[in-house]
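Please open the model in your viewer and keep the selection tool at hand, since this tour moves from one selection to the next and says what is found at each stop.

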Amino acid sequence: MLIAPDIEVRRATADDAQALADAVIRNKEHLRATEPYRAPDYYTAKAQEARITAENAVVWLLFEGERVVGRVELTGIVMGPLCGASVGYWVDGDYRGRGLIPAAVEEIVREARDDLGLHRLEAGTLVDNTASQRVLAKCGFERFGLAPKYLHINGAWRDHVLFQRLLHDDAPRHIPK
């Protein structure tokens, strides 16, 4: 799906692993302040393929031509009575401020609701990451709490503001047997 005249968002496949590895290498410094420490093998196509093909996750990539310029993912997908997942995202440092992530997150929210049958999405941001908090608010997420020392980011345990978005109020489509 086009989210800007030159930017497409689509589900990642294993064939996208090298392009994603190139993007995370290119954005290593840009993401350092908001991402956990990553071991050197994280920056390989093999590790990115494992993320793309993980059983309880769905990854979407933002492309400008063949170049990956962002990622949105649902991780920790749980069906049954919860029907929920966590949302994570980033955009290439050279593409900030273009409204790409809010547009991509809205598309992923639609797919989470309509295609995956999820009921609830959650996300967390560093307390001082106001740009990410604006993305979530713009996409209909509501703040619901604070998680002290939630993740180890950039050398320290950091507090996170927690957000959620309820996607629908009807019964879950996927009930455990």
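Two strands count as paired if DSSP finds at least two bridges between them. This model is a predicted one, and with that rule in mind you can begin at strand 1, residues 2–4, together with strand 2, residues 7–11, which run antiparallel and are joined by 2 bridges. Select Leu2, and then look across to strand 2, where its bridge partner is Glu8. Between strand 1 and strand 2 there are 2 residues, and the two strands form a hairpin.

Keep strand 2 selected and add strand 3, residues 58–64, which pairs with strand 2 in the antiparallel sense over 4 bridges. To see one of these contacts, select Arg10, whose bridge partner in strand 3 is Leu61. As you look along the strands, remember that in a regular strand the side chains alternate between the two faces of the sheet.

Next, select Tyr42 and Tyr43, both of which are buried. How many aromatic pairs are counted here? The count comes to 1 aromatic pair. The ring centres of Tyr42 and Tyr43 lie 5.1 Å apart and their planes meet at 85°, so the pair is edge-to-face. Now add Arg38, whose charged end sits over the ring of Tyr42, 4.4 Å from the ring centre. For another arrangement of this kind, select Arg120 and Phe144: Arg120 lies over the face of Phe144, at 5.3 Å from the ring centre.

Return to Arg38 and Tyr43, which, with Arg32, Pro36 and Tyr37, lie nearest the centre of the second largest pocket, among the 16 residues that line it. Helix 2 and strand 7 are the elements that give two or more residues to the lining of this second largest pocket. The space in the second largest pocket is about 260 Å³, and its lining has 8 nonpolar, 4 polar and 4 charged residues.

The last stop is the largest pocket, which holds about 1200 Å³ of space. Select Thr34, Tyr89, Trp90, Asn129 and Ser132, which lie nearest its centre among the 43 residues of the lining. Which element supplies the largest share of the lining of the largest pocket? Strand 5 does, with 6 residues. Elements that each supply at least two residues to the lining of the largest pocket include helix 4 (100–114), helix 5 (130–138) and strand 8 (156–166). By class, the lining of the largest pocket is made up of 21 nonpolar, 12 polar and 10 charged residues.

Conventions
Residues numbered from 1 in each chain as written. Predicted model: local features only at pLDDT ≥ 70, side-chain atom pairs only at ≥ 80, totals over all residues. Heavy atoms only, no water. 1 Å grid on protein atoms, 1.4 Å probe; cavity = no way out; pocket = protein on both sides within 12 Å on 5 of 7 lines; lining within 4 Å. Points joined across faces, edges and corners; volume = space filled by probe spheres on them. Nonpolar A, V, L, I, M, F, W, Y, C, P; charged D, E, K, R; others polar. Phe/Tyr/Trp six-rings, centres within 6.5 Å; stacked < 30°, edge-to-face > 60°. Buried < 20%, exposed > 50% of the residue type's maximum accessible area, 1.4 Å probe, protein only. Lys NZ or Arg CZ within 6 Å of the ring centre and 35° of its normal.
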